[in-house]
Amino acid sequence: MELVYTNGCTVTSLSVDGKESVDMNMEDFRKVIHKIVDEIDDFAELQSIFMDFVECNGEIIDDYQCSCCGDYVTTHKIKI
């Protein structure tokens with residue numbers, strides 16, 4: 001399976017074996033995502049996918065600035 005991602009200018013393209021993702025049905029694209037996750041052997045990489053998903057799709061339930069170091073702390077939550 002060949003995956004290609006192109007981004008820039010006016011183009012964003014995700015293709016699977018030469019077929020644009022927008023031309024795929026949802027079930028076939030889900031199979032691609034499952035295959036991607038199944039191929040990952042690095043726990044940190046799986047954690048990164050988890051974090052991106054929750055951050056992009058969840059709701060912010062806490063957001064504050066640390067009084068000790070000044071860093072911003074944000075907590076996201078999603079129920080699936």
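Start by selecting strands E1 and E2, which pair in the antiparallel sense over six bridges. Strands here are DSSP runs (E, at least two residues; helices are H or I, at least four), numbered from the N terminus, and two strands count as paired if DSSP finds at least two bridges between them. You're looking at a predicted model, in which local features need pLDDT of at least 70, side-chain atom pairs count only at pLDDT 80 or more, and totals for chains, interfaces and linings use all residues. Residues are numbered from 1 along each chain as its sequence is written, and side-chain values use heavy atoms, with hydrogens and water left out.

Zoom in on the E1–E2 turn. The two strands make a hairpin with two residues between them, and Cys 9 in that turn has a positive phi of about 55°. For a cross-strand pair, pick Asn 7, which stands opposite Thr 12 in E2.

Now add E3. The result is an open sheet of three strands, ordered E1-E2-E3, with antiparallel pairing. Its edge strands are E1 (3–8) and E3 (19–20), each pairing on one side only. E2 (residues 11–16) joins E3 in the antiparallel sense over two bridges; Val 16 has Lys 19 in E3 as its bridge partner.

Stay on Lys 19. Is it buried or exposed? Neither, quite: Lys 19 counts as partly exposed because its relative accessibility is 41%, where buried means under 20% relative accessible area, exposed over 50%, and partly exposed in between (1.4 Å probe, protein chains only). Leaving out residues up to four places away in sequence, Lys 19 touches Leu 14 and Met 24; contact means heavy atoms within 4.5 Å. Glu 2 is 17 residues from Lys 19 in sequence, with 9.8 Å between their C-alphas.

Next, click Ser 15, in strand E2. Ser 15 counts as buried because its relative accessibility is 11%. Apart from neighbours within four places in sequence, its contacts are Glu 2, Leu 3, Val 4, Glu 20 and Ser 21.

Last stop: the largest pocket. A pocket is an open set of points on a 1 Å grid over the protein atoms alone, where a 1.4 Å probe fits, with protein on both sides within 12 Å along at least five of seven lines; lining residues have an atom within 4 Å of a point. This one holds about 260 Å³ of space. Select its lining: Val 37, Leu 46, Ile 49, Phe 50, Asp 52, Phe 53, Val 54, Cys 56, Asn 57, Ile 78 and Ile 80. Helix H2 (residues 43–57) supplies the largest share, eight residues.

Key
Grid points are joined across faces, edges and corners, and a volume is the space filled by probe spheres set on the points.
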